[in-house]
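This report describes a ligand site, the cysteines and a few loop residues. The sequence and structure come first, and the text follows.

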Amino acid sequence: MSKFFSKWNYPTTVRFGVGRISELPDALAAAGIKKPLFVTDPGLARLPLVASTLKLLDAAKVIYGVFSDVRPNPVEANLNAGIAVFKAGKHDGVVAFGGGSALDLGKLIAFQAGQTRPVWDFEDVGDWWTRADAAAIAPIVAVPTTAGTGSEVGRAAVLTNETTHTKKIIFHPKLLPTIVIADPALSVGMPPFITAGTGMDALAHCLEAYCAPGFHPMADGIAIEGMRLVFENLPKAFADGTDIVARANMMAAAAMGATAFQKGLGAIHSLSHPVGALYDTHHGMTNAVFMPYVLAFNRPAVEERIGRLSAYLGVKGGFDGFARTVLKLRKELKVPHTLPGLIKDLSMDKKRKALIAEMALADPSTGSNPVKLTKKALAGILENSIEGSL
Ligand code: NAD
């Protein structure tokens, strides 16, 4: 019966729907935030969608500060700068507004501003999160503008450690935003490359969660419906960014992926994290490159599960049919088939490949891959993704 011992966590209040960004002042009041720091990234800060959102706050006479020094794959220097602004402005909460980078950094500012230990002490290892002073964590309202990471409904945030060149997952239950406003209209302006990469991130979350071992039928159910939404809507959102139905379904799929992956992730993420940290690649696009190679590697453990998934998706041919569907989707979205296709002028010597395999083995996603991973196995998957051999 030990198989049936499990822990299930479900997300937070999500106000989902086109136009619901107008509820931001109300959401702040509901979350108990009187003087928020609005955290976004510099690209978004220049777009009308940030200006129009700030106008909503002005109209409601909310006093706020803005912080946008957030680079993609954010680093500790971004966090420290944000904390300084949070403290100087005497803010009492955060609006995290943007893709995974701005969402994660906004969440981390709210989390870390009141802590005395270094942020790395709260890495997602064992019960390290209990080291945090939970009472000192400020509330968060999250507003996603991409549809992929699902960080808006997650209890973790990713921060790159520039000293060790590793992507670290910081975990605390109170990193979960108090309220999410998921307004699909905010994602309409995403360029096709980001639409594809973030959408494939959502697919990677659902797929890896579904394939992860462990008893979590709720996560499994969410993951398979999340995958259906991605297969049916991502090509539409990619082809026509103004397709609001496709955008809405993708925003839902992203939240579903992050809800499902509390069950676990796997080798796609184990490899994507070190590659992202070393080459600063887009996280979702890197996942998309690794996906078919990891699927092929995991086949012995997941063939039957994937067969059931294929039946649900209406895909013929069981595992092989599903693998073909993934390849077809990647091609449609112009995802590079190999790592050198993603990283221009890539030259990886033996030492560098060994380092990536070693970092991947140490990644927290590794433990929940359905086939036990070794350094040799990860090096093999990496090699296949360089050669393009499936
Ligand atoms: P991102 O946040 O890095 O954004 C990518 C680019 O898209 C930026 O230039 C941004 O300005 C632009 N952009 C965002 N929304 C836009 C819009 N509506 N219109 C036009 N441009 C827009 O990309 P992402 O893929 O959303 O996030 C990636 C980050 O999230 C990585 O750091 C990754 O490690 C992290 N991540 C976190 C989790 C988690 O659970 N917390 C999960 C997966 C990934």
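In which loop is S68 found? S68 is in the loop between β3 (65–67) and α4 (76–88). The model is predicted. With a relative accessibility of 24%, S68 counts as partly exposed, because buried would require under 20% and exposed over 50%. P48 is 20 residues away from S68 along the chain, and the C-alpha atoms of S68 and P48 are separated by 15 Å.

**Two further loop residues**

G154 has its place in the loop between β5 (140–144) and β6, and β6 spans 156–161. G154 is buried, its relative accessible area being 13%. From the C-alpha atom of G154 to that of K174, 20 residues apart along the chain, the separation is 9.6 Å.

N369 sits in the loop between α13 (350–362) and α14 (375–387). The relative accessibility of N369 is 4%, so N369 counts as buried. The side chain of N369 has a polar atom 3.0 Å from the backbone nitrogen of A267. The N369 side chain also reaches the backbone oxygen of V371, at 2.8 Å.

**The ligand site**

Where does the ligand lie with respect to domain 1 (2–187) and domain 2 (192–387)? It lies between them, because both domains give residues to the shell around the ligand. There are 30 residues around the ligand, and those that come nearest are D41, G100, S101, T145 and H282. By class, the shell is made up of twelve nonpolar, 14 polar and four charged residues.

At least two shell residues each are supplied by α5 (100–112), β6 (156–161) and α6 (192–211). The largest share comes from α6, which gives four residues.

Polar contacts of the ligand include those in the table.

| Ligand atom | Protein partner | Distance |
|---|---|---|
| oxygen | N or O atom in the side chain of T146 | 2.8 Å |
| oxygen | N or O atom in the side chain of H282 | 2.8 Å |
| nitrogen | polar backbone atom of M190 | 3.4 Å |

How much of the accessible area that the ligand has on its own does the protein cover? The ligand has 870 Å² of accessible area on its own, and the protein covers 90% of it. H282 appears twice in this account: it is among the residues that come nearest to the ligand, and its side chain has an N or O atom 2.8 Å from a ligand oxygen.

**The cysteines**

How many disulfides does the structure hold? The count is zero. Why is there no bond between C206 and C211? The cysteine sulfur closest to that of C206 belongs to C211 and is 11 Å away, which is too far for a bond; a disulfide needs the two sulfur atoms within 2.5 Å. C211 is likewise in no disulfide, the sulfur of C206 being the nearest cysteine sulfur to its own.

Are C206 and C211 buried or exposed? C206 counts as buried because its relative accessibility is 0%. C211, at 9% relative accessibility, counts as buried too.

**Summary**

The ligand lies between domain 1 and domain 2, with 90% of its accessible area covered by the protein. Of the loop residues described, G154 is buried, N369 is buried and S68 is partly exposed. The structure holds zero disulfides.

Definitions and conventions: Residues are numbered from 1 along each chain as its sequence is written. This is a predicted model: local features need pLDDT of at least 70, side-chain atom pairs count only at pLDDT 80 or more; totals for chains, interfaces and linings use all residues. Side-chain values use heavy atoms; hydrogens and water are left out. Buried means under 20% relative accessible area, exposed over 50%, partly exposed in between (1.4 Å probe, protein chains only). A residue is near a molecule or strand if one of its heavy atoms lies within 4 Å of it. A polar contact is a pair of N or O atoms within 3.5 Å; within protein, one must be able to donate a hydrogen and the other to accept it, and residues adjacent in sequence count only if both atoms are side-chain atoms. Accessible areas come from the Shrake-Rupley method with a 1.4 Å probe; for residues, only the protein chains shown count as cover. Ala, Val, Leu, Ile, Met, Phe, Trp, Tyr, Cys and Pro count as nonpolar, Asp, Glu, Lys and Arg as charged, and the others, Gly among them, as polar. Domain bounds come from an automatic or database domain assignment.
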